[in-house]
Amino acid sequence: MNLSQLYYFRKLAQLQHYTKAAKELYITQPSLSDSISSLEQELGISLFQKEGRNVKLTKYGQEFYEYVNDALNQLDKGIAVAKSKSGAMGGMIDIGCIPTILGDYMPNAIQNYRVKNPKAVFNIYQGHTLRLLEELKKGKYDIAFCSKVDDPELEFVPILAQQLILVVRNDHPLASRESVEVAELSNYSLTTYRETIPIGKIVRAVLREKGVEASFSYDDEISIGGVVTVTNQIAIAADTPYLNQFDQIKKITISDIPADTRLVYMVYSKKNYMAKAPEDFAEFLVEHERKLPDFMIQTEQKVVKKNDRRGRKQEN
């Protein structure tokens, strides 16, 4: 038994298809078959059984897979740690991201991280929150950046606050204002995000609390900015770089919507293995790239200190 056999076994267990596994391993299918057969003979058990054109793990194979996967994950992490000590960390980081932070936050954060780890390779995929989280759980991404939903398999870390503002056309009666309250919007044709997406649900809750009606129609700030430009509608939207392309609109502060109403979270799976490079990037963001209101940072620091004191008391 050797390491190559274990890596081959893990890949076949994950893909459940000899041809696909051999292709990703850059070996021939007969070589993969011979390697698995040799491993089964050495162990004295069958690891796979046929299922149509695919294969699946036997109950013995499933048990063996758990140990092999844990061992190889630890080995991979150890190799990455060793490389980081020599300044040769590198590594690939797959990120799923909502479009609204691709214009400013994410490029800046990546550029700052590359000062520490210039060899890191980033693959950035964009999408809306629900799809991103589904693909995160499947292992397509190491980390996702999006809104928060209730899901016990995922860990959500607040990383960025985006102010919710009012957007109006330059010739609208409200364009002369620098600040408004939500209740003042009830006399106007108001639109915002679709209420089936997380940010739409946030805005809907704010408006319902104030007794203000709106149409919930759009997925992003580009759509919202466009409709405000060509109609007499006003809109509530997150203040993102996407709105900066519209010269005909004005951004107005909504004084009674708190700064932490719209948060973007860094999300990772509690179940999936995270390699050293994305783990290091996540830690870097928490330590250096959190863009949150001061009161949120202070609150979290108090919680950490309280937990530290509690831990010390238990130790004593």
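This tour visits an open sheet, two helices that pack on it, and a pair of helices near the start of the numbering. The model is predicted.

**The sheet**

Begin by selecting the six strands that form the open sheet, whose order is S8-S12-S7-S11-S9-S10. The pairing within this sheet is mixed. Next, select residues 179-180, which are strand S8, and residues 215-218, which are strand S10. These are the edge strands, and each of them pairs on one side only.

Then move to strand S9, residues 190-193, and strand S11, residues 234-238. The two strands pair in the parallel sense, over two bridges. Display Leu190 here: Ile234 in S11 stands opposite.

**Helices on the sheet**

Select residues 221-230 to bring up helix H8, which packs on the sheet. Helix H8 touches S7, S9, S10, S11 and strand S12 (249-254), and its direction makes about 160 degrees with that of S11. Now add helix H7, residues 198-210. Helix H7 lies across strand S7 (164-169), S9, S10 and S11, and runs at about 145 degrees to S9.

**A helix pair**

Finally, select residues 18-25 for helix H2 and residues 29-43 for helix H3. Their axes are 9 Å apart, and the helices pack at an angle of about 105 degrees. Because angles of 65 to 115 degrees count as roughly perpendicular, H2 is roughly perpendicular to H3.

To view the contact, show the side chains of Tyr18, Thr19, Ala21, Ala22 and Leu25 on H2, together with Gln29, Leu32, Ser33 and Ile36 on H3. Of the residues in this contact, six are nonpolar, three are polar and none is charged.

Key. Residues are numbered from 1 along each chain as its sequence is written. This is a predicted model: local features need pLDDT of at least 70, side-chain atom pairs count only at pLDDT 80 or more; totals for chains, interfaces and linings use all residues. Side-chain values use heavy atoms; hydrogens and water are left out. Two strands pair if DSSP finds at least two bridges between them. Helices (H or I, at least four residues) and strands (E, at least two) are DSSP runs, numbered from the N terminus. Contact means heavy atoms within 4.5 Å. Axes are lines fitted to C-alpha atoms, for helices over the stretch in contact, and angles run from 0 to 180 degrees between N-to-C directions. Angles under 35 degrees count as roughly parallel, over 145 as roughly antiparallel, 65 to 115 as roughly perpendicular and the rest as oblique. Ala, Val, Leu, Ile, Met, Phe, Trp, Tyr, Cys and Pro count as nonpolar, Asp, Glu, Lys and Arg as charged, and the others, Gly among them, as polar.
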